[in-house]
Amino acid sequence: MRKSFGDCLFDSETRQLLRDGRPVPLAPKAYALLELLLGRAPQAISKEEICEELWPKTFVSDSSLTNAVAEAREAIGDRARDPTLIRTVHGFGYAFVGAVAEEQASAGRPRFSRFRLALGNQRFPLFEGENVLGRDPEAAVVLDHGSVSRRHARIIVRKDIAILEDLKSRHGTFLHGARIDSPSELKDGDVFVIGPISMTILLLSGSGSTDSGLAP
């Protein structure tokens, strides 16, 4: 399911919410809520049914659902006091009422892989194919530091394999504490360093769970 609304694109295949083309962090329950509401839009869904979908056979307080709704609204830019996308149906439940368009995947569109780069609390999705790292504004991950070259390094992703390669940068790229001089495979949890910037490669589980670290 690929649905666009406002400045957002929701892609259930890659389990991504994009806003202005950038990934938006979303916890698993808020993601599941948004997926449910979008899939049934503009139908109103009762609180009971939503809770059964999100927390099957589990008792949860009303605040759990309220918090999930609040997070989903914030992620898509919906106003909490005067929502125009996720409507509260008083005494019943919720409905997605924004204008929604079905999007088709384009053969020329880069596809997200299951790899992410962790930089502090930030998570950057990597695409299938080449992902350049550096100061170049067109880089997949922009690293704004004087000791980082414009096109410093790249990560090439093919399915569940990620290869790190230095692009003849001045200050080098370091993996496991050593400067690399040839393409090197990255494993889940590997830490590498570009200039003063340390990053960790993460591989999402096969289930495609949304990366909820802030935060995907």
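**Note on strand pairing and helix packing in the predicted model**

1. In strand E3, the residue that serves as bridge partner of Asp11 is Gln16. This comes from a predicted model, and the points below should be read with that in mind. The bridge belongs to the pairing of E2 with strand E3 (residues 16-19), where the two strands run antiparallel and are joined by 4 bridges. E2 and E3 make a hairpin with 4 residues between them, and in its turn Arg15 has a positive phi of about 50°.

2. Asp11 has a partner in strand E1 as well, since Arg2 stands opposite Asp11 in E2. Strand E1 (residues 2-5) pairs with E2 in the antiparallel sense, over 4 bridges. Here too the two strands form a hairpin, with 2 residues between them, and Gly6 in the turn has a positive phi of about 55°.

3. Which way do the residues of strand E2 (residues 8-11) point, and are they buried or exposed? Cys8 and Phe10 point one way from the strand, while Leu9 and Asp11 point the other way, and all of them are buried. Asp11, with its bridge partner Gln16 in E3 and with Arg2 opposite, is therefore one of the buried residues of E2, where buried means under 20% relative accessible area.

4. Helix H3 (residues 62-76) is where Ala75 has its place. At 8% relative accessibility, Ala75 counts as buried, because the cut-off for that class is under 20%. Leaving aside neighbours within four places in sequence, the residues in contact with Ala75 are Leu17, Arg19, Val24 and Leu26. For one of these, Arg19, the C-alpha atom is separated from that of Ala75 by 8.4 Å, although the two residues lie 56 residues apart along the chain.

5. H3 also packs against H1, and the axes of H1 and H3 come within 8 Å and cross at roughly 75°. The two helices are therefore roughly perpendicular to each other, as angles of 65 to 115 degrees are counted in that class. On the H1 side the meeting residues are Ala30, Leu33 and Leu34, and on the H3 side they are Leu65, Ala68, Val69, Glu71, Ala72 and Ile76. Sorted by class, this contact has 8 nonpolar residues, no polar ones and 1 charged residue.

6. A further helix pair is made by helix H1 (residues 28-40) and helix H2 (residues 47-54), whose axes come within 10 Å and cross at roughly 125°. H1 and H2 are therefore oblique to each other, and H1 passes H2 in a right-handed crossing. The contact is made by Lys29, Ala32, Leu33, Leu36, Leu37 and Arg40 of H1, together with Glu49, Ile50, Glu53 and Leu54 of H2. By class, this contact of H1 with H2 has 6 nonpolar, no polar and 4 charged residues. Leu33 appears in the contact with H2 and also in the contact with H3.

7. Turning to the sheets, 6 strands form an open sheet in the order E10-E9-E19-E18-E15-E16, and the pairing is antiparallel. Its edge strands are strand E10 (122-127) and strand E16 (178-179), each of which pairs on one side only.

8. Within that sheet, strand E9 (residues 112-119) pairs with strand E19 (residues 197-203) in the antiparallel sense over 4 bridges. Leu117 stands opposite Ile201 in E19, and the bridge partner of Phe115 in E19 is Leu203. E9 also pairs with E10 in the antiparallel sense, over 5 bridges, and Ala118 stands opposite Arg123 in E10. The hairpin of E9 and E10 has 2 residues between the strands, and Gly120 takes a positive phi near 65° in it. How many of the 8 residues of E9 are buried? The number is 6, so E9 is largely enclosed by the rest of the structure.

9. Another open sheet is formed by 5 strands in the order E12-E11-E13-E14-E17, with mixed pairing. The edge strands are strand E12 (141-142) and strand E17 (184-186), and each of them pairs on one side only. Strand E14 (residues 161-166) and E17 pair in the antiparallel sense over 3 bridges, and in E17 the bridge partner of Ala162 is Leu186.

Note on methods: Residues numbered from 1 in each chain as written. Predicted model: local features only at pLDDT ≥ 70, side-chain atom pairs only at ≥ 80, totals over all residues. Heavy atoms only, no water. Axes fitted to C-alpha atoms, helices over the stretch in contact; angles between N-to-C directions. Parallel < 35°, antiparallel > 145°, perpendicular 65-115°, else oblique. Left-handed = near helix turned anticlockwise from the far one by under 90°. Contact = heavy atoms within 4.5 Å. Nonpolar A, V, L, I, M, F, W, Y, C, P; charged D, E, K, R; others polar. Pairing = 2+ DSSP bridges. Buried < 20%, exposed > 50% of the residue type's maximum accessible area, 1.4 Å probe, protein only.
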